Amino acid sequence: MAVGLVGIVLPVLPGLVLVWGAGLWWVLADGGGVGRWIVLALMTALFVIGALTKYVLPARATAGRGVPWQSLVVGAICAIIGFFVVPVVGLLIGGVFGIYVAELIRLGDYRTAGGTTWAAIVAFGIGVLVELVAGVAMAAVWAVGELVL
């Protein structure tokens, strides 16, 4: 679970999936039982809520500031390229650079492009925060289940 929580903050690993997978392993490796399946069901609910919210809140935040999805796609492509050019840190640098360039081309003004790029960065931060809260909540549910069961 700890690796999953680290994967949330460093977007190289699928964080929530790893936390949920650790919970599933905990249930299956120990023979299950009704209580453990209930813990996994709670973890699954938190997983779904966290995964959906991670994408819905940032999408609303960027749309409210006028950042089109095309700029976000350019940012995502540049983030992937950046990851391979400069491992780990390049993911963030490439993403921000891609969004900024796309917004600069679209808007033609570097200040306005900087403002919309900042809105996208804040939206990404909101997504990471939501995912982290969901991951910590999943780990807490597991910890309580481990202590009680």
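Contact here means heavy atoms within 4.5 Å. The model is predicted, so local features need pLDDT of at least 70 and side-chain atom pairs count only at pLDDT 80 or more, while totals for chains, interfaces and linings use all residues. Residues are numbered from 1 along each chain as its sequence is written, and side-chain values use heavy atoms, with hydrogens and water left out.

**Exercise 1. Tyrosine 110**

Task: Place tyrosine 110 in its helix and find what tyrosine 110 is in contact with, leaving aside neighbours within four places in sequence.

Solution:
- Step 1. Start with the helix: tyrosine 110 belongs to α6. Helices are DSSP runs (H or I, at least four residues), numbered from the N terminus.
- Step 2. Set aside the neighbours within four places in sequence, and Tyr100 and Leu104 are in contact with tyrosine 110.
- Step 3. Check one of these by distance: 8.5 Å separates the C-alpha atoms of tyrosine 110 and tyrosine 100, which are 10 residues apart along the chain.
- Step 4. Look for a polar contact (a pair of N or O atoms within 3.5 Å; within protein, one must be able to donate a hydrogen and the other to accept it, and residues adjacent in sequence count only if both atoms are side-chain atoms). The side chains of tyrosine 110 and arginine 111 make one at 3.3 Å.

**Exercise 2. Glutamate 103 and its partners**

Task: Work out how the side chains of threonine 116 and serine 71 meet glutamate 103.

Solution:
- Step 1. Locate the two residues: threonine 116 lies in α6, and serine 71 in α4.
- Step 2. Ask about burial, where buried means under 20% relative accessible area, exposed over 50%, and partly exposed in between (1.4 Å probe, protein chains only). Threonine 116 is buried because its relative accessibility is 6%; serine 71 is buried because its relative accessible area is 3%.
- Step 3. Turn to the polar contacts. Threonine 116 meets the side chain of glutamate 103 through its own side chain at 2.9 Å, and the side chains of serine 71 and glutamate 103 are joined at 2.4 Å.
- Step 4. Follow the threonine side chain further: the side chain of threonine 116 also reaches the backbone oxygen of alanine 113 at 3.1 Å.
- Step 5. Complete the surroundings, leaving out residues up to four places away in sequence. Threonine 116 is in contact with Arg65, Val67, Glu103 and Leu107, and serine 71 with Ile99, Ala102, Glu103 and Arg106.

**Exercise 3. The faces of α1**

Task: Decide which residues of α1 are buried and which are exposed, then find what the buried ones pack against.

Solution:
- Step 1. The buried residues in α1 include Gly4, Gly7 and Ile8.
- Step 2. These buried residues line one face of the helix, because they fall within an arc of 105 degrees when seen down the axis of α1. The arc is that of the directions from the helix axis to the C-beta atoms.
- Step 3. A general rule helps here: an α-helix has 3.6 residues a turn, so residues three or four places apart point the same way.
- Step 4. Ala2 and Val3 are exposed on the other side of α1.
- Step 5. The packing partners of the buried residues are α2 and α6.
- Step 6. Add valine 6, also in α1: valine 6 counts as partly exposed because its relative accessibility is 45%. Valine 6 and glycine 135 are 129 residues apart in sequence, yet 9.9 Å apart in space, C-alpha to C-alpha.

**Exercise 4. The largest pocket**

Task: Describe the space in the largest pocket and the classes of residue in its lining.

Solution:
- Step 1. The largest pocket holds about 1,000 Å³ of space. A pocket is an open set of points on a 1 Å grid over the protein atoms alone, where a 1.4 Å probe fits, with protein on both sides within 12 Å along at least five of seven lines; lining residues have an atom within 4 Å of a point. Grid points are joined across faces, edges and corners, and the volume is the space filled by probe spheres set on the points.
- Step 2. Of the 34 residues that line the largest pocket, Pro11, Lys54, Tyr55, Ala76 and Phe124 are the closest to its centre.
- Step 3. At least two lining residues come from each of α1 (2–9), α2 (15–29), α3 (34–64), α4 (69–85), α5 (89–107) and α6 (110–148).
- Step 4. By class, the lining has 26 nonpolar, six polar and two charged residues. Ala, Val, Leu, Ile, Met, Phe, Trp, Tyr, Cys and Pro count as nonpolar, Asp, Glu, Lys and Arg as charged, and the others, Gly among them, as polar.
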